Amino acid sequence: MKLKLMKHITLLFSSRKMMNIILSLIILLGLWTCIKPYNPALKASSIEKYVVQGMVSNQEGWQEVNVSITSSVKEPHFIPVDFCEVKIIDDENNIFDLINTGDGTYKVWMTSDELVIGRGYKIKVTIVGGIVLESDYDYIPKGPAIGEVYYEVEQHHIDYPEGWLMGVQFYTNMTGENSDSRYYRWKLTETYEYHSVYPLEFYYNGEIQQVSPPDSSEMICYRTDLVDEIFTLSTESFSSNSINKFPLHYIENTRPKLGILYSLLIEQMALSRAAYFYWDQLRQNNEEQGGLYATQPLAVKGNIRNTSSPDFEVLGFFQASNISKKRIFVEPKPEFELNYSDRCYPEPLRFGFIEISPRDYPAYLLSEDGFPSTTILNDECIFCTMRGGVTQKPEFWPN
């Protein structure tokens, strides 16, 4: 009798323990299914903000302003604002009307007589609907000419699996007077030549077709890009207004840029103190978050305000700068070996042309001693334009 009673108590205890475990699991599952992602309810004014970026310089030519709206933080992309009335106004009340060329870009040609060192300039943007954005005056400072621009072959540690890589490091020097600006930014634009591997000679579209003579019109391309980095420096705390061996852009040997011929245009900008601190803060933010175009300048206060609705923040900066330029060319260097992909991947067909689907027509074929083979070439093998370049040679490119 006692034995049966003990067994009954043990079973009852075990059942209650099991029930508690099951009940706890049900509660936890219910809590988990009720958890929702935290999406803060932000006001539209804190998400969508107008961004105005532009400048005038001492260089005669097109002066440019860009107007856009910030996009979602989750899906950043450029949202241009067109059909605005945009004016540049100097401190002598001369007004220059800009033309909308599309994609949120506005331009005006200004002569050297209209771009005076020491003169102040501001921007006024009137958006459809009556919103008015206006900057403070920024003044073109006196600035030195850019000094020597050169490069050295160096080994840098890159955050790739390769670790240490050889490459080309660019430097600049500058010597200014005490009366020149002490605040600088460098804007870099790179252009490089690259080639596809094969001309177009044979292709298959249900039948083998031959191009005779082989078409090599898209074998040589040139690509131009703005370097996705911000370079700033102040000599305010220096004993002299000079810079020696200031590091600029670095290109490792795993890039195709150095394969044929590479050119770097360096624009040295002497800035006002306000413009310098704007760009230096932007530089610090971008180094933390991934590049000039990876993020939007959400945390950087500029010199532009919404005069029609002062509570609505406007981002960006309108600057007046003193620009000096130099261009440098780099040929392939014997000091280090290049190791990059040409993006050409020939693929042999195991069972001949029956493997080629009509949706893949035309399928480009590798030529072997003037005859079509059963090896397929991807587009990048033949058309250099598939890699973002153009076939038109730049005017400054050497013959």
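1. Let's start with one residue: Arg-119 is buried, its relative accessible area being 15%, and that is under the 20% cut-off. Keep in mind that you are looking at a predicted model. The side chain of Arg-119 has a partner, Glu-92, and the two make a salt bridge with 3.4 Å from N to O. Where do Glu-92 and Arg-119 sit? Glu-92 is in the loop between strand S4 (85-90) and strand S5 (95-97), while Arg-119 is in the loop between strand S7 (105-110) and strand S8 (120-127), so their contact ties together parts that are 27 residues apart in sequence.

2. Now for another salt bridge, this one between the side chains of Lys-257 and Glu-190, at 2.8 Å from N to O. Here too the pair links distant parts of the chain, 67 residues apart: Lys-257 belongs to the loop between strand S18 (242-252) and strand S19 (261-270), and Glu-190 to strand S13 (residues 183-195). Buried or exposed, what are Lys-257 and Glu-190? Both of them are buried.

3. Compare that with Asp-225 and Arg-223, whose salt bridge has its closest N and O atoms 2.8 Å apart. Asp-225 is partly exposed at 23% relative accessibility, and Arg-223 is partly exposed as well, with a relative accessible area of 27%. Salt bridges can also share partners, and in this way Asp-90, Glu-92 and Arg-119 become one network. The count for the model comes to 15 salt bridges.

4. Step back to the whole chain for a moment. It has 399 residues, and 42% of them count as buried. Its secondary structure consists of three helices and 24 strands. Look at contacts with a separation of 6 or more, and you find that 71% of them are between residues 24 or more positions apart. About 23200 Å² of the protein chain is exposed, with carbon and sulfur atoms supplying 54% of that area.

5. Strand S1 (residues 50-57) is a good one to follow by eye. How many of its eight residues are buried? Eight of the eight are, so you can call this strand mostly covered. In a regular strand the side chains alternate between the two faces of the sheet. In S1, Tyr-50, Val-52, Gly-54 and Val-56 point one way, and Val-51, Gln-53, Met-55 and Ser-57 point the other way, all of them buried.

6. What does S1 pair with? It is antiparallel to S2, with six bridges, and Met-55 stands opposite Glu-64 in S2. The connection from S1 to S2 is a hairpin through three residues. S1 also pairs with strand S21 (residues 315-330), this time in the parallel sense, over seven bridges. One of the bridge partners there is Ser-321 in S21, which goes with Ser-57.

7. Carry on from S2 (residues 61-69) and you get to S7, which runs antiparallel to S2 and is joined to it by six bridges. For example, Asn-66 has Thr-105 in S7 as its bridge partner. S7 is also joined to strand S6 (residues 99-102), by three bridges and again antiparallel; there, Asn-100 is matched with Tyr-106 in S7. S6 and S7 form a hairpin with two residues between them, and Asp-103 in the turn has a positive phi of about 60°.

8. There is also an open sheet of five strands, paired antiparallel in the order S15-S14-S23-S24-S22. Strand S15 (208-215) and strand S22 (347-348) are its edge strands, each pairing on one side only. Inside that order, strand S23 (residues 363-368) and strand S24 (residues 371-377) pair over four antiparallel bridges, and Glu-368 has Phe-371 in S24 as its bridge partner.

9. On to the rings, where the count is 19 aromatic pairs. Tyr-192 and Tyr-194 make a tilted pair, 5.9 Å centre to centre with 45° between the planes. Tyr-192 is buried at 7% relative accessibility, and Tyr-194 is buried too, at 3%. Elsewhere, Tyr-222, Phe-329, Phe-396 and Trp-397 form one aromatic cluster.

10. Finally, how far should you trust what you see? The mean pLDDT of the chain is 87, and 84% of its residues reach 70 or more. Over residues 1-46, though, the pLDDT is below 50, and this stretch has three contacts in the model beyond near neighbours in sequence. Where pLDDT is low, the predicted coordinates should not be read in detail.

Notes
Residues are numbered from 1 along each chain as its sequence is written. This is a predicted model: local features need pLDDT of at least 70, side-chain atom pairs count only at pLDDT 80 or more; totals for chains, interfaces and linings use all residues. Side-chain values use heavy atoms; hydrogens and water are left out. A salt bridge is a side-chain nitrogen of Lys or Arg within 4 Å of a carboxyl oxygen of Asp or Glu. Buried means under 20% relative accessible area, exposed over 50%, partly exposed in between (1.4 Å probe, protein chains only). Two strands pair if DSSP finds at least two bridges between them. pLDDT is the predictor's confidence in each residue, from 0 to 100. Contact means heavy atoms within 4.5 Å. Accessible areas come from the Shrake-Rupley method with a 1.4 Å probe; for residues, only the protein chains shown count as cover. Rings of Phe, Tyr and Trp (its six-membered ring) pair if their centres lie within 6.5 Å; planes under 30 degrees apart count as stacked, over 60 as edge-to-face and the rest as tilted.
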